Amino acid sequence: MDYLGKLQAVVSDIVGPYIILGDFNCNPNDKNSPCGKVLRDFIDDCDFALYDRCLPVDSYTFVNDAWHTTSWLDHCIGPRLLLGLVDHCEILYDSYNSDHHPFVVSVLMPDCNSVPSSVGCDELCITCCSKLPKIVLNKVSPASVKLLQASILGYLQDINLSKFDVLCCINAACDNSLHRTEIEELYSHLTTCLVNAVNSSLTYHTSPSEGQKVMPGWNEYVLDVKEAASDAYVLWHQ
Ligand SMILES: [Zn+2]
């Protein structure tokens, strides 16, 4: 409870979109867990959404070797408005580096440069996400990482930093419009560089059937029925 309060204090200072990913030590999907209920209430109170609700109810991220039991303790939550940006959620069951399995979430990041400043942040997140490359992290190979690094280095080396006066500006309260434009240009170089590098080395073509897609209206109309059906299946299976 204490930590959820601290978490709320931390995120309330964040300007712009964010998601929260980590070990919450409970499962808000488990209707019988008192601790899960506390997290569920926290999510509702903050107008958050549980982004991993699209995963099967018998998912788990933690294996207790002593008791041979499994628990779903790691979750991804964030503002309800940004639910549409979460493209894919997956637990990597074939990774054994710790007693927790890695939780992979791919998020469609907005590209702020291509949108007029009059557009609000939430709107921006939803309108420009389709232009960005999608990375499937568990398919990234060491060779593609090398390619990515080489591509980033090549691009950065081509930028002529000597033409950017702003890099020598030491006025903390500077309002020189030329300097502002140069900062925007440098920022745009970085984002273009990363997008190009990812596009040329880390993008994979996935079929629509692969992975869990967030379906509009799913949580509102289908989720409860699906949970009841999954619970009934588990009962029947025991
Ligand atoms: Zn300046």
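A residue counts as buried if 20 or more other C-beta atoms lie within 10 Å of its own, as exposed if 12 or fewer do, and as partly exposed in between. Tryptophan 218 makes a friendly first example: it has 14 C-beta neighbours inside 10 Å, so it counts as partly exposed. This tryptophan is found in helix 6. Its C-alpha atom sits 8.8 Å from that of cysteine 54, although 164 residues separate tryptophan 218 and cysteine 54 in sequence.

The structure described here is a predicted model. Across the protein chain the mean pLDDT is 81, and 83% of the residues reach 70 or more. Over residues 114-122, however, the pLDDT is below 50, and this stretch has 8 contacts in the model beyond near neighbours in sequence. Residues 124-130 also stay under 50, and here the model has 17 contacts beyond four places in sequence.

With those confidence values in mind, the overall layout can be read. The protein chain contains 6 helices and 7 strands. From one end of the sequence to the other, these elements follow the pattern α-β-α-β-β-β-β-β-β-α-α-α-α. The chain has 238 residues, of which 14% count as buried. Among contacts with a separation of 6 or more, 65% are accounted for by residues 24 or more positions apart.

Helix 4 and helix 5 offer a view of how two helices meet. Helix 4 covers residues 142-157 and helix 5 covers residues 177-201; their axes come within 9 Å and cross at roughly 145°. The crossing of these two helices is right-handed. On the side of helix 4, the contact is made by Ser144, Leu147, Leu148, Ser151, Ile152, Tyr155 and Leu156, while helix 5 contributes Cys193, Asn196, Ala197, Val198, Ser200 and Ser201. Sorted by character, the residues of this contact comprise 8 nonpolar, 5 polar and no charged. A general point helps in reading such a list: an α-helix has 3.6 residues a turn, so residues three or four places apart point the same way.

Helix 4 can also be looked at alone. From its first C-alpha to its last it reaches 23 Å, close to the 22 Å expected for its 16 residues at 1.5 Å a residue. How many of the 16 residues of helix 4 are buried? The number is 0, so helix 4 lies largely in the open.

Leucine 202 belongs to the loop between helix 5 and helix 6, the latter spanning residues 218-237. Is leucine 202 buried or exposed? It has 20 C-beta neighbours inside 10 Å and therefore counts as buried. Leaving aside residues up to four places away in sequence, leucine 202 touches Ile135, Val140, Ser144 and Leu148. Ser144 and Leu148 are also among the residues through which helix 4 contacts helix 5. The C-alpha atoms of leucine 202 and leucine 137 are separated by 8.7 Å, with their positions 65 residues apart along the chain.

Leucine 137 appears again in connection with serine 106, a residue of strand 7 (residues 103-107). Here the C-alpha atoms of serine 106 and leucine 137 are 8.1 Å apart, and the two residues are 31 residues apart along the chain. Serine 106 counts as partly exposed because it has 16 C-beta neighbours inside 10 Å.

Two loop residues deserve a look for their backbone angles. As background, most residues other than glycine have a negative phi. Asparagine 25 is not a glycine, yet it has a positive phi of about 60°. Its place is in the loop between strand 1 (20-23) and helix 2 (34-45). With 13 other C-beta atoms within 10 Å, asparagine 25 is partly exposed. Histidine 68, also not a glycine, has a positive phi of about 55°. This histidine lies in the loop between strand 3 (62-64) and strand 4 (69-71). Which class does histidine 68 fall into, buried or exposed? Histidine 68 has 7 other C-beta atoms within 10 Å, so it is exposed.

Notes:
Residues numbered from 1 in each chain as written. Predicted model: local features only at pLDDT ≥ 70, side-chain atom pairs only at ≥ 80, totals over all residues. Helix = DSSP H or I, 4+ residues; strand = E, 2+ residues; numbered from the N terminus. Contact = placed C-beta atoms within 7 Å. Axes fitted to C-alpha atoms, helices over the stretch in contact; angles between N-to-C directions. Left-handed = near helix turned anticlockwise from the far one by under 90°. Nonpolar A, V, L, I, M, F, W, Y, C, P; charged D, E, K, R; others polar. pLDDT = per-residue confidence, 0-100. Expected span 1.5 Å × (residues − 1).
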